[in-house]
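Work through the exercises below with the model open. Each task is followed by a worked solution.

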Amino acid sequence: RMYHRVLVHSNCLSLQEVEDFCRLRCLCVAFQLHLPLSQRACSRVITCSWIRNSDSFLKMNKWCEYFILSNLNVFGCWNLNLNHVSDLYDEQLLKNIAFYYEFESTQEPHLNLGDSIRRDYEDLWNVVSHLVKEFNVGKSFPLRTTRRHFLRQEKSVIQEISLEKMPSVGFIPMTSAVIDEFVGDMMKDLPILKSDDPVVPSLFKQKTSDELLHWHAQRLLSDDYDRIKCHVDEQSRDPHVLDFLKKIQDYQQFYGKSLESISTKVIVTQTTRPKEDSSGASGEILQNTKPHQITKKSKKKSFLKEDQNKAQQNDDLLFSIEEEMKNNLHSGIRKLEDYLTSCASNSVKFGVEMLGLIACFKAWKKHCRGEGKISKDLSIAVQMMKRIHSLLERYPEILEAEHHQYIAKCLKYLGFNDLANSLDPTLIGDDKNKKKYSIDIGPARFQLQYMGHYLIRDERKDRDPRVQDFIPNAWQQELLDVVDKNESAVIVAPTSSGKTYASYYCMEKVLRESDVGVVVYVAPAKSLVGQVAATVENRFTKTLPAGRTLCGAFTRDYCHNVLNCQVHYLGREVGAKFWELLLVIIRCPFLVLSATINNPNLLTKWLQSVKQYWKQADKIMEEKCISEKQADKCLNFLQDHSYKNQSYEVRLVLCGERYNDLEKHICSVKHDDVYFDHFHPCAALTTDIIEKYGFPPDLTLTPQESIQLYDTMAQVWETWPRAQELCPEEFILFKNKIVIKKLDARKYEENLKAELTNWIKNGQVKKVKRVLKNLSPDSLSSSKDMVKMFPLLVEKLRQMDKLPAIFFLFKNDDVGKRAGSVCTFLEKTETKSHPHTECHSYVFAIDEVLEKVRKTQKRITKKNPKKA
């Protein structure tokens with residue numbers, strides 16, 4: 001009956017042909033009920049395929065099987081024999097039956113089916129006849145009433161197979177407490193093979209040949225330790241190798257400085273303090289001798305002179321920053337920011353911040369009098385507001401009345417009159433200059449729209465003595481505690497939230513403790529291995545014994561200082577099983593850093609169970625050593641492997657907030673150029689997802705995207721009741737607030753998401769669909785030309801000041817090709833910008849050769865004119 005509705009389409013079997021197909025299918029089921037799988041597996045392999053007209057019937061057959069399986073638990077009253085549920089369909093058996101009727105038998109075959117198979121087949125066909133009463137499907141025999149072939153006619157349709165007898169089918173015997181508890185008495189009813197059954201040893205195939213090459217790198221397999229050791233021993237004294245290593249070290253330091261602008265820290269190995277001199281008073285007398293006093297005075301003078309030099313250098317640097325801001329504000333601001341990161345004095349920082357605000361204010365007034373009459377460059381206003389944020393939030397105890405008045409004046413010139421009056425009510429402004437200098441945007445909207453990545457985050461005020469560069473958050477302090485206590489941890493935090501800093505702190509701890517301790521850092525990509533290795537080379541420096549170095553790297557196809565370094569970097573193999581293997585066999589404390597663990601609690605529990613296993617193993621090993629009266633040897637072994645002092649606890653450290661906002665863009669090619677279109681995260685959602693699951697927890701909005709969401713909601717629903725309440729200038733956390741913080745913007749985002757969810761609950765689904773549609777980017781062109789346009793993509797990123805950038809390619813060969821295309825592009829660009837440079841170099845070289853030839857000819861002429 002179902003097929004009768006489908007028959008209206010073309011290229012389908014007729015009803016009579018479908019009746020024949022059904023008879024073949026019923027006979028196949030009857031065979032399946034009686035023939036064991038081991039016997040059916042010996043049937044011929046028919047390689048020809050079904051004709052295209054039978055596709056509709058075969059699909060409907062699959063739908064029916066799916067319906068049966070998916071509803072077994074619903075119809076509990078069915079009296080079903082589930083022995084054959086896992087073997088509903090045997091296509092090879094059905095093809096054998098069809099092949100026999102179509103190619104090997106010209107008349108109705110007289111198969112020796114036997115009474116059981118024949119009876120089951122007739123019963124099945126009677127059930128089919130009963131289900132389709134309105135159609136006369138005929139009797140069970142003959143099976144074929146039509147002549148059409150269901151299989152395609154091909155030259156070779158039968159694949160030769162072995163007719164050996166299939167082994168007995170059954171479960172391999174094994175004992176396991178988990179299986180016994182889970183399966184219970186069912187094991188008695190299952191076919192279990194005996195341990196001496198020939199099938200059991202036959203399942204364990206012997207390795208016929210050893211692999212000689214690595215499956216990925218195609219290099220000879222050998223012990224990595226011995227191979228690298230021999231390589232280092234042979235070439236360690238080669239001057240070319242030493243020169244190459246020196247170049248690598250210089251490159252690593254240069255690369256590391258380009259990644260972060262911090263000063264290198266000198267690591268000194270901690271040593272035991274010398275014992276106090278038992279002489280007591282005599283020691284004090286020796287210290288107060290005249291030579292000692294002279295040395296002390298000379299040191300004091302040198303320190304004072306050094307302080308004076310530093311003060312003079314500081315003044316010169318501030319003067320250069322001030323001059324740079326006058327000539328070029330933005331480059332001067334970058335220098336100012338670099339200085340603030342290295343400065344430790346709050347009073348000096350405050351003076352520099354005020355210097356930057358004054359420079360920004362002067363630049364803003366100058367800009368508004370000139371180019372700003374037509375269109376204002378709001379980047380100057382952003383820098384001015386950024387300085388105001390920093391002054392009011394970080395130095396409130398230093399600010400005086402005159403500073404508040406100056407800040408209020410700056411706010412007045414930006415057009416933020418209410419904010420200026422809240423800071424200084426006595427301020428009187430010139431209304432004539434309002435339009436000339438005002439940015440014509442509300443203060444809250446301006447801060448969210450243009451200063452989202454500059455908004456100050458709520459941070460702890462109490463410093464941690466273990467960290468000098470910044471004040472760690474609560475989760476970062478917990479992470480430092482884990483390292484100090486030699487514990488292990490699973491750290492789940494978003495990208496750019498500071499996870500990697502934990503590994504740097506761990507490295508510094510190991511480097512300080514001794515010259516033999518080792519830190520192993522396992523990274524998921526070779527690019528990350530190089531990046532972190534360069535960062536370590538830039539962060540730390542240490543004087544090590546001869547033959548030892550600070551950092552080394554080991555990947556699948558690159559090795560550098562692997563055996564003689566304190567910090568190792570490993571690139572992983574393909575597959576998650578290697579990660580699991582490393583975590584299981586590791587004996588020392590470890591840190592698992594990730595931003596994408598789906599169930600961190602489950603992973604932490606599993607790792608804790610692994611640690612408990614090693615705890616028991618270490619305890620047994622120690623007891624064994626003591627029982628054999630080898631306690632000294634045992635304790636030395638435990639001490640050498642750091643088992644004695646380590647903790648077996650595994651902590652879970654969570655951080656849910658990103659430190660830096662993440663904006664999404666879509667890259668496409670339009671009009672032979674590369675374009676970047678902003679992609680709003682809400683455009684990836686549907687109303688069904690929001691209604692069922694709400695907003696995903698990892699779908700966060702930048703402040704600018706929150707403003708875009710509000711504007712779109714107000715545009716779609718003009719009479720929106722809460723439009724005024726959620727307006728940025730009227731929102732309760734933003735109104736008349738000079739410094740809008742990151743947490744305030746996050747709460748505003750949560751209110752907008754909750755409001756959009758309420759629209760769906762209150763029946764405004766169509767309006768929400770319009771909001772999501774309006775947030776979606778315009779139709780984009782195909783990106784199939786991105787291979788050719790890749791150099792232009794890099795150049796566009798350079799123009800946008802977005803380099804360095806990381807490009808992810810899915811094939812190793814593409815990495816070299818893309819890099820080559822960029823080099824070719826740069827060479828062509830250089831040739832166009834300096835077209836005669838290469839030509840001049842050749843002309844100059846030719847002129848030198850000709851001059852040498854002339855001089856040689858003159859000498860020959862003088863000596864022997866005839867020969868000349």
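**Exercise 1. Classify the burial of Y748, then describe its ring partner.**

Solution. This is a predicted model.
Step 1. Take the accessibility of Y748. Its relative accessible area is 1%. Buried means under 20%, so Y748 is buried.
Step 2. Turn to F734. Its relative accessible area is 2%, so F734 is buried.
Step 3. Inspect the two rings. The centres of F734 and Y748 lie 5.2 Å apart, and the planes stand at 55 degrees. Planes under 30 degrees apart count as stacked and those over 60 as edge-to-face, with the rest tilted. The F734–Y748 pair is therefore tilted.
Step 4. Place the pair in the chain. F734 sits in the loop between helix 27 (703-716) and helix 28 (742-761), while Y748 belongs to helix 28. The pair therefore ties together parts 14 residues apart in sequence.

**Exercise 2. Survey the aromatic rings and the charges that sit over them.**

Solution.
Step 1. How many aromatic pairs does the structure hold? The total is 21.
Step 2. Look for a cluster. F21, W50, F57 and F150 form one.
Step 3. Find charged ends over rings. K767 places its charged end over the ring of W717, 5.2 Å from the ring centre. K796 does so over the ring of Y675, with 5.2 Å to the centre.

**Exercise 3. Determine how helix 27 packs on helix 29.**

Solution. Two packed helices are described by the angle between their axes and the distance between the axes.
Step 1. Get the geometry. The axes of helix 27 and helix 29 (residues 765-775) come within 9 Å and cross at roughly 130 degrees.
Step 2. Name the arrangement. Helix 27 and helix 29 are therefore oblique to each other. Their crossing is right-handed.
Step 3. List the contact residues. Helix 27 supplies Q708, L709, T712, M713 and V716. Helix 29 supplies K767, R770, V771, N774 and L775.

**Exercise 4. Repeat the analysis for helix 21 and helix 22.**

Solution.
Step 1. Helix 21 covers residues 499-513 and helix 22 residues 526-539. Their axes come within 12 Å, crossing at roughly 50 degrees.
Step 2. Helix 21 and helix 22 are therefore oblique to each other. This crossing is right-handed.
Step 3. Y501, Y504 and M507 of helix 21 meet V532, T535, V536 and R539 of helix 22.

**Exercise 5. Identify the buried residues of helix 20 and what covers them.**

Solution.
Step 1. Helix 20 spans residues 474-484. Its buried residues are W475, Q476, Q477, L479, L480, V482 and V483.
Step 2. The cover includes helix 21, strand 4 (488-492), strand 10 (591-594) and strand 11 (650-654).
Step 3. Check what follows the helix. N486 comes after helix 20 and has a positive phi, near 60 degrees.

**Exercise 6. Are R25 and I333 buried or exposed? Trace their contacts beyond four places in sequence.**

Solution.
Step 1. R25 is in helix 2 (residues 15-34). Its relative accessibility is 11%, so R25 counts as buried.
Step 2. R25 contacts Q32, N61, E65, L88, Y89 and L94, leaving aside neighbours within four places in sequence.
Step 3. I333 is in helix 13 (residues 329-342). With a relative accessible area of 5%, I333 is buried.
Step 4. Not counting residues up to four places away, I333 touches M325, C360, Q383 and R387.
Step 5. Compare sequence and space for I333 and E322. They are 11 residues apart in sequence and 9.3 Å apart in space, C-alpha to C-alpha.

Key
Residues are numbered from 1 along each chain as its sequence is written. This is a predicted model: local features need pLDDT of at least 70, side-chain atom pairs count only at pLDDT 80 or more; totals for chains, interfaces and linings use all residues. Side-chain values use heavy atoms; hydrogens and water are left out. Rings of Phe, Tyr and Trp (its six-membered ring) pair if their centres lie within 6.5 Å; planes under 30 degrees apart count as stacked, over 60 as edge-to-face and the rest as tilted. Helices (H or I, at least four residues) and strands (E, at least two) are DSSP runs, numbered from the N terminus. Buried means under 20% relative accessible area, exposed over 50%, partly exposed in between (1.4 Å probe, protein chains only). A charge sits over a ring if NZ of Lys or CZ of Arg is within 6 Å of the ring centre and within 35 degrees of the ring normal. Contact means heavy atoms within 4.5 Å. Axes are lines fitted to C-alpha atoms, for helices over the stretch in contact, and angles run from 0 to 180 degrees between N-to-C directions. Angles under 35 degrees count as roughly parallel, over 145 as roughly antiparallel, 65 to 115 as roughly perpendicular and the rest as oblique. A crossing is left-handed if the near helix is turned anticlockwise from the far one by less than a right angle, and right-handed if clockwise.
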